[in-house]
Amino acid sequence: MISVQADVFRLAEVFTISRGSRTEAKVLTVTVSRGGYTGWGECVPYARYGESLDSVTAQIEALPAGISRAELQEALEPGAARNAVDCALWDLEAKAAGKRVWEMAGLAAPGPMVTAYTLSLDTPERMQAAAAKNAHRPLLKIKLGTPDDMARLEAVRAGAPKARIIVDANEGWSAEVYADLAPHLVRLGVALVEQPLPAADDAALIGIDRPVPVCADESCHDRASLPHLVGKYDMVNIKLDKTGGLTEALALRNAARAAGYQVMVGCMVGSSLAMAPAVLLAQGAEYVDLDGPLLLAEDRSTPLAYADGMVYPPEAGLWG
């Protein structure tokens, strides 16, 4: 049996990116029960990709109750619906076998990874204060994506002079804005820029000097995306809600590496249940951004452990 329900987790603070603000994380929790075992998974429907709680729920509810993980890959396109069911099936398979998911997948036992901590888009003064509050963290990710981001960049670096910094423009810049900012990204020690241009316009990145590595986020969903990234990006951001689950995410990671791309593993704003499979995927990634639970005021009953800027693998009581 496959069941799905909507859950809401309050955020600790308002979270803002270039496309808007939110005060809560609205997720779908999927459970799959068979043979006395129950697996579960979580997804975050994303309006940017034409998804809603209702549309994704309908996709999940239309699936055959006994669908296998292999059949699921053909039944649904990459996206939030397939992600939650795929992860629930991985969890179910592991419980039925009495093993952990990484054993089932032929992966090495996971360890803790340094994760970015995200500072949402705000005034330069507030972003500097947020940076100073989190300056002890080894890796900060800052949300930008407006034509006047220079002051924000300067403010964050002033607030956290020693932290490594990732910039995420969320498709908010033009080629001209990116070209103007690029030298300053270098000057301020920015390590990486995510999706500076809209996915539909990223051909403008071809031939542009990239003094700081550029990572594809909205432009990269699954393995089918890779041919479209050539000459534009240096890295891909793999998210389970984009790939449609851990199965395709692992395949995308391998294909991206083979194609010469570095790997970042990211997330939507969700609970520890959504992050747990991604921790397995993140092993060995150049950058990890699995801070969703750190942005919440409440979480699952068996949350992931975070300490000293690191995220730890999930306990069996949570997932996998």
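Student: Is Gln 195 buried or exposed?

Tutor: Good place to start, and keep in mind that this is a predicted model. Gln 195 sits in the loop between strand 8 and strand 9. Buried means under 20% relative accessible area. The value for Gln 195 is 0%, so Gln 195 is buried.

Student: What is the phi of Gln 195?

Tutor: Most residues other than glycine have a negative phi. Gln 195 is not a glycine, yet its phi is positive, at about 35°.

Student: Asp 308 also has a positive phi. Is Asp 308 buried or exposed?

Tutor: Asp 308 is a residue other than glycine with phi near 55°, and it is found in the loop between strand 13 and strand 14. Exposed means over 50% relative accessible area. Asp 308 has 73% relative accessibility, so it counts as exposed.

Student: Which side chains make polar contacts with the side chain of Asn 170?

Tutor: Let's place the residue before naming its partners. Asn 170 lies in the loop between strand 7 and helix 7, and it is buried, with a relative accessible area of 4%. One polar contact, of 3.2 Å, joins its side chain to that of Glu 218. Another, of 3.0 Å, joins the side chain of Asn 170 to that of Lys 143.

Student: Which residue in the loop between strand 8 and strand 9 does Asn 170 touch?

Tutor: Asn 170 touches several residues, including Ile 17, Ser 18 and Gln 195. The one placed in the loop between strand 8 and strand 9 is Gln 195.

Student: How many residues of strand 8 are buried?

Tutor: Let's look at the neighbours of this strand too. Strand 7 and strand 8 run parallel, joined by 4 bridges, and Ile 165 stands opposite Val 190 in strand 8. Strand 8 also pairs with strand 9 in the parallel sense, over 2 bridges. Strand 8 is mostly covered, and its buried residues number 5 of 5.

Student: What is the handedness of the β-α-β crossover from strand 7 to strand 8?

Tutor: Strand 7 and strand 8 are parallel. Between them the chain passes through helix 7, and the crossover is right-handed.

Student: Which helix gives the largest share of the largest nonpolar core?

Tutor: In soluble globular proteins, nonpolar side chains tend to be buried together. Here the largest nonpolar core has 79 residues, and Val 167 and Trp 173 are among those touching the most other members. The largest share of this core, 8 residues, comes from helix 10.

How values were computed
Residues numbered from 1 in each chain as written. Predicted model: local features only at pLDDT ≥ 70, side-chain atom pairs only at ≥ 80, totals over all residues. Heavy atoms only, no water. Buried < 20%, exposed > 50% of the residue type's maximum accessible area, 1.4 Å probe, protein only. Polar contact = N/O pair within 3.5 Å; in protein donor to acceptor, adjacent residues only side chain to side chain. Contact = heavy atoms within 4.5 Å. Pairing = 2+ DSSP bridges. Right-handed = clockwise from strand over helix to strand, strands pointing away. Core = buried A, V, L, I, M, F, W, Y, C linked by side-chain atoms within 4.5 Å. Lists of a residue's contacts leave out its neighbours within four places in sequence.
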